Amino acid sequence: MEELVNLFHGFAVALQPYNMMLMIIGITLGVIIGVLPGLGGANGVAILLPLTFSMPPTSAIIMLSCIYWGALFGGAITSILFNIPGEPWSVATTFDGYPMAQQGRPGEALTAAFTSSFVGALFAVIMITLVAPLVAGFALRFGPAEKFAVYFLAFCSFVGLSKEPPFKTIAAMMMGFALAAVGLDSITGQLRLTFGVTELLNGFDFLIAVIGLFGIGEILLTMEEGLAFRGGNASINLRVVLQTWRGLPAYWMTSLRSCLIGCWMGVTPAGATPASFMSYGIAKRLARRGNNFGKGEIEGVIAPETAAHAAGTSALLPMLSLGVPGSPTAAVLLGGLLIWGLQPGPMLFVEQKEFVWGLIASMYLGNLAGLIVVLTCVPIFAAILRVPFGIIAPLILVLCAIGAYSVHNSTFDVMLMLVFGVLGYLLKKCNYPLAPLVLAIVLGDKAEEAFRQSLLGSQGSLGVFFSNGLVSTIMALGLVALFWSAIQEGYSRLRTSLA
Amino acid sequence: MKPFVLNVALAAIAMSCANSVASRAAWEPVRPVEFIVPAGTGGGADQMARTIQGIVTKHNLMKQPLVVINKAGGAGGEGFLDVKTSSGNPHKIIITLSNLFTTPLATGIPFNWKDLSPVAMLALDEFVLWVNAEKPYNSVKDYVDAAKKAPSGSFKMGGTGSKQEDQIITVGIEKVIDAKFTYIPYKGGGEVAVQLVGNHVDSTVNNPIEAVAQWRGGKLRPLCVFDAQPMAYDEPIADGKAWKDIPTCKSQGLAMEYLMLRGIFMSPKATKDQIEYYVELFKKVRATPEWQEFMKSGAFNTTFLTGADYAKWIEAEEKRHEVLMKEAGFLASGN
């Protein structure tokens, strides 16, 4: 009950006109940042952080978190329209969002994405409100072995639940692991696979790879197929929003499942990226029209978006209560907290009540404001696809190049992006799935690090992955997911032989 | 008429000389200044750089903007090489941590601090030995006894990065107390502290700012500080104890000292006036209440050095790192 009183007090703080104004400004800035690939939420928040130093801490965090929400919403726009995910967790949104846009249903895809984001985030905020103190402790149980188990589950659910030939999926994934291994080996502190090239010190950044593989690769494919975006006949009025909404409640099961996956993955420090991939993989298996996934199925947009935002939002909980940022953006926000003299940690909820509940209230309001802002703009975004390919393609190329450059301010990255573009084109022509490759680049080094940390701790014994109930359960789930097809086949054979 | 023309010309020349002298004496940035952080977002160096950026913006200390850029690749090697190759560009400064010494030694990248122009030492970061508050180690002696009694390698020390400051200290402790730890590297200091709270490691050597929240929350216990004197801050943090009340490790029979440089360097071939400009800038930053608050929150050692004193300090510290890293077997092959 005390939580509710605190929350209403928080609403009173967040609803002051000055804070409301900051909220709208933040959302708008965030959407702009999210639309530009490469200039993701972390960079955007970092650039705008100094703007907020003259504000009171509560107002400042409201504005910054609204920029963050805005960027999250904005990231879905380029994923759906141009197949260029701006953030790791938007990758899964492209699988069905982009085909939908190509079939002339960009408005529907955008509406579904925005609404699902809102639902996922709302679910997570409600969870934060109700069980904040309880859940915070859960993250503490996650050591390296548990973290590895979560990544293992993400990889397995992708291989086992995918409809692609498993060996092509594994081949693509291995290529991703190899790319993820380049750079500094964080366990021994030595460089590997850089061959003395100083530009490779940093390894292959996920964003460069994705902009190339998806963005450039897609343009090459489109050029081959006759210089046309097929989204030209997109309907551009607000009615499409209402029509889509009418259809959405039918997918409540997918939504709920994705919310739960998202919250769980957000509170464990695994984060939004595995959440979105896992949710997509599971939806693909369990949905009635799962066979159509990848060809423009609305459920394939709902599942990853809901999970990603539920995870992204609930990830703020470990940041506030433990001081561990779950994402680069959260890390920059954490820096902001320290500058305002707020020390995240177990005492923040006790000592800075007004701030914490002001922030939580602003999550409710910021999300709502964000949804309204982006939904009213759906027709405008959808209309972008009506621009002739000859004009839009060079613009996308320029956007991609700027995005790739701004990740590390390096022209080498732009070249790298082009190389990845060609690679993406070739892989697509040979029918290798790109998603496992990207998944492995994003999570490969994290999984490796967690694996080796666990083995260091257990002095080399693999038993550490089955050493307690939590880690054993996650590992077992992973194995089930990996061999799901075999299990299903065995089950149906058993049933026919019994019948 | 002629002498008059000549005079005017001479006067003009003299004035332009005076002008150029004056403008050289007061060099100022003419474009935005890049502030390179050779570490990721959210870490200690990053927090300090962003605090400085905030202070400079809030108090209007520079006419040009100061832009923080993270170049964390290769344990910071990316950032150092970037500044090294921007010779003669006075619009680029870098904040360093101990990876100034450890990264070139451990990875063999072609870089040495002498490639850069030293500006100023802003502060020194302390290291504290932490254990989980549930554990029965109330003093360094309890801790050392437990570490010695545990089977070799089963006592786990968590730390930031590999072959960097935390691991150097760990090897130092091993030598002093003659025990063998297993060192587990993590990405960031905050994560290390949480792993200790969750009992996934047995102890850490976190910087004060990384662990203070958990100390206040009653989850962690500080045992000693790796400095020659106790820290200066006497405001109570937890259980009526202040930073000042943490004894030095040396006084508790654990003879190991280590402090980490938080210093500023700029691109190679910087002129005296350019260095002078940044020294003055950081003097102004240090005078602000925000900076003092930041120093207090992280219990920093606020030693400030410039010029020859600074260079001498770095030189001694470089030698020390070479010895420490060599003894620990951390040098890259071919170094």
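**Figure 1. Low-confidence segments of chain B in the predicted model.** Over residues 14–24 of chain B, pLDDT stays under 50, and the model gives this stretch one contact beyond four places in sequence. Residues 1–6 of chain B likewise have pLDDT under 50 throughout; for them the model has zero contacts beyond four places in sequence. Where pLDDT is low, predicted coordinates should not be read in detail. For chain B as a whole, the mean pLDDT is 88, and 91% of its residues reach 70 or more. The model scores are ipTM 0.82 and pTM 0.81.

**Figure 2. Overall fold of chain B.** The chain contains 11 helices and 13 strands. Its C-alpha trace spans about 100 × 50 × 30 Å along the principal axes. Of the 335 residues of chain B, 49% count as buried. When contacts in chain B are taken between residues at least 6 apart in sequence, 77% of them join residues at least 24 apart.

**Figure 3. The six-stranded sheet of chain B.** The strand order in this open sheet is β2-β1-β3-β12-β4-β13 (chain B), and the pairing is mixed. The edges are formed by β2 (66–70) and β13 of chain B, each of which pairs on one side only. At the β13 edge, β4(B) and β13(B) run antiparallel and are joined by two bridges. In this pair, M121(B) stands opposite L305(B) of β13(B).

**Figure 4. The five-stranded sheet of chain B.** This open sheet follows the order β7-β6-β8-β5-β9 (chain B) with mixed pairing. Strands β7 and β9 (220–225) of chain B are at the edges with a single partner strand each, so one side of each is left without a neighbour in the sheet. Strand β5 (residues 128–132) of chain B pairs with strand β8 (residues 203–204) of chain B in the antiparallel sense, over two bridges. V131(B) stands opposite S203(B) in β8(B).

**Figure 5. The β-α-β unit formed by β6(B), α6(B) and β7(B).** The unit is right-handed. Its strands, β6 (residues 155–160) and β7 (residues 181–186) of chain B, run parallel and are joined by six bridges. M157(B) has Y183(B) in β7(B) as its bridge partner.

**Figure 6. Helix α11 of chain B, residues 307–328.** The helix has 22 residues, and its first and last C-alpha atoms are 32 Å apart, close to the 32 Å expected at 1.5 Å a residue. Y310(B), I314(B), L324(B) and M325(B) are buried in α11(B). Seen down the axis of α11(B), its buried residues fall within an arc of 95°, so they line one face of the helix. The face turned away from the buried side of α11(B) carries exposed residues, including D309(B), K312(B), E315(B), K319(B) and K326(B). A308(B), A316(B) and V323(B) are also among the exposed residues of that face. Just after α11(B), G329(B) takes a positive phi of about 75°.

**Figure 7. Packing around the buried side of α11(B).** The buried residues of α11(B) pack against two helices of chain B, α4 (99–107) and α6 (165–177). They also pack against strands β4 (117–125) and β13 (305–306) of chain B. These two strands, β4(B) and β13(B), are joined to each other by two bridges. Helix α6(B) is part of the right-handed unit with β6(B) and β7(B).

Technical notes
Residues numbered from 1 in each chain as written. Chains lettered and ligands numbered in written order. Predicted model: local features only at pLDDT ≥ 70, side-chain atom pairs only at ≥ 80, totals over all residues. Helix = DSSP H or I, 4+ residues; strand = E, 2+ residues; numbered from the N terminus. Expected span 1.5 Å × (residues − 1). Buried ≥ 20, exposed ≤ 12 C-beta atoms within 10 Å, placed from the backbone. Arc of directions from axis to C-beta. Contact = placed C-beta atoms within 7 Å. Pairing = 2+ DSSP bridges. Right-handed = clockwise from strand over helix to strand, strands pointing away. pLDDT = per-residue confidence, 0-100.
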